[in-house]
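Colleague: I am new to this structure and would be grateful for a close look at one part of it. Could you begin with the aromatic rings and then follow the account into the surrounding elements?

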Amino acid sequence: MKKIMRVFVLIMGIIVLTMPTYCEEVSTQPPPIELTWYFVGNGQEKDTVLVEAAINEYIAKNTTLNCSIKLRCYDWTNYDKKMQQMINSAEEFDICFTSNWSNNYYIRASQGAFISLDSLLPTYAPKTTILLGEDYLTGNLC
């Protein structure tokens, strides 16, 4: 669980550093959104609630992020089946783990399960391209 927390803090750090300050320009802030993050592991751990609370406390301190995170961990046996059911039923989700051996990216992408973020990066995270570098961002393309 500590590794997941470290990865999440790294991702959130990048988002925070690269997030535009549009919230300061708008007088009324939109209602907060709750992002659900599906991942595979040994099932929902007892301390997941504590990790969620720590993540959401970290997010709340930043005025540019208007969201909270719900963590949903499924065991190795059920994760692929659960994600396949969600995708087949067109159930919306925000973030999920994918690989070539679980929740196969290529198969799920061909089913329209994922949204490309390429066009959103220049508008909503212009510094991310600079921080990560063009080689890193295009290195995952096949």
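**Aromatic rings and their setting**

Modeller: Y105 is partly exposed, its relative accessible area being 39%; please bear in mind that the model is predicted. F114 is likewise partly exposed, with a relative accessible area of 25%. Two rings can be described as a pair by the distance of their centres and the angle of their planes. With centres counted as paired within 6.5 Å, the model contains 7 aromatic pairs. Among them are Y105 and F114: their ring centres lie 5.4 Å apart and their planes meet at 10°, so this pair is stacked. The cut-off behind that word is an angle under 30 degrees. Ring pairs also join W76, Y79, F97 and W101 into a cluster.

From the rings the account moves to the sheet. Strand β1, residues 33-41, runs parallel to strand β2, residues 67-75, and 9 bridges join the two. β1 also runs parallel to strand β3, residues 95-96, to which 2 bridges join it. Individual partners can be named. W37 has L71 as its bridge partner in β2, and I95 as its bridge partner in β3. Y38 stands opposite C96 in β3.

Taken together, the strands form an open sheet of 3, in the order β2-β1-β3, with parallel pairing. β2 and β3 occupy the edges with a single partner strand each, so one side of each has no neighbour in the sheet. Helix α4, residues 79-88, packs on this sheet and touches β1, β2 and β3. The direction of α4 makes about 140° with that of β1.

A further helix, α3, completes the account. It spans residues 48-61, which is 14 residues, and reaches 20 Å from the first C-alpha to the last, close to the 20 Å expected at 1.5 Å a residue. Which residues of α3 are buried? They are T48, V51, E52, I55 and I59. These residues lie on the same side of α3 because they cover an arc of only 100° around the axis. An α-helix has 3.6 residues a turn, so residues three or four places apart point the same way. On the other side of α3, the exposed residues are V49, L50, A60 and K61.

Definitions and conventions
Residues are numbered from 1 along each chain as its sequence is written. This is a predicted model: local features need pLDDT of at least 70, side-chain atom pairs count only at pLDDT 80 or more; totals for chains, interfaces and linings use all residues. Side-chain values use heavy atoms; hydrogens and water are left out. Helices (H or I, at least four residues) and strands (E, at least two) are DSSP runs, numbered from the N terminus. The expected span of a helix is 1.5 Å times one less than its number of residues. Buried means under 20% relative accessible area, exposed over 50%, partly exposed in between (1.4 Å probe, protein chains only). The arc is that of the directions from the helix axis to the C-beta atoms. Rings of Phe, Tyr and Trp (its six-membered ring) pair if their centres lie within 6.5 Å; planes under 30 degrees apart count as stacked, over 60 as edge-to-face and the rest as tilted. Two strands pair if DSSP finds at least two bridges between them. Contact means heavy atoms within 4.5 Å. Axes are lines fitted to C-alpha atoms, for helices over the stretch in contact, and angles run from 0 to 180 degrees between N-to-C directions.
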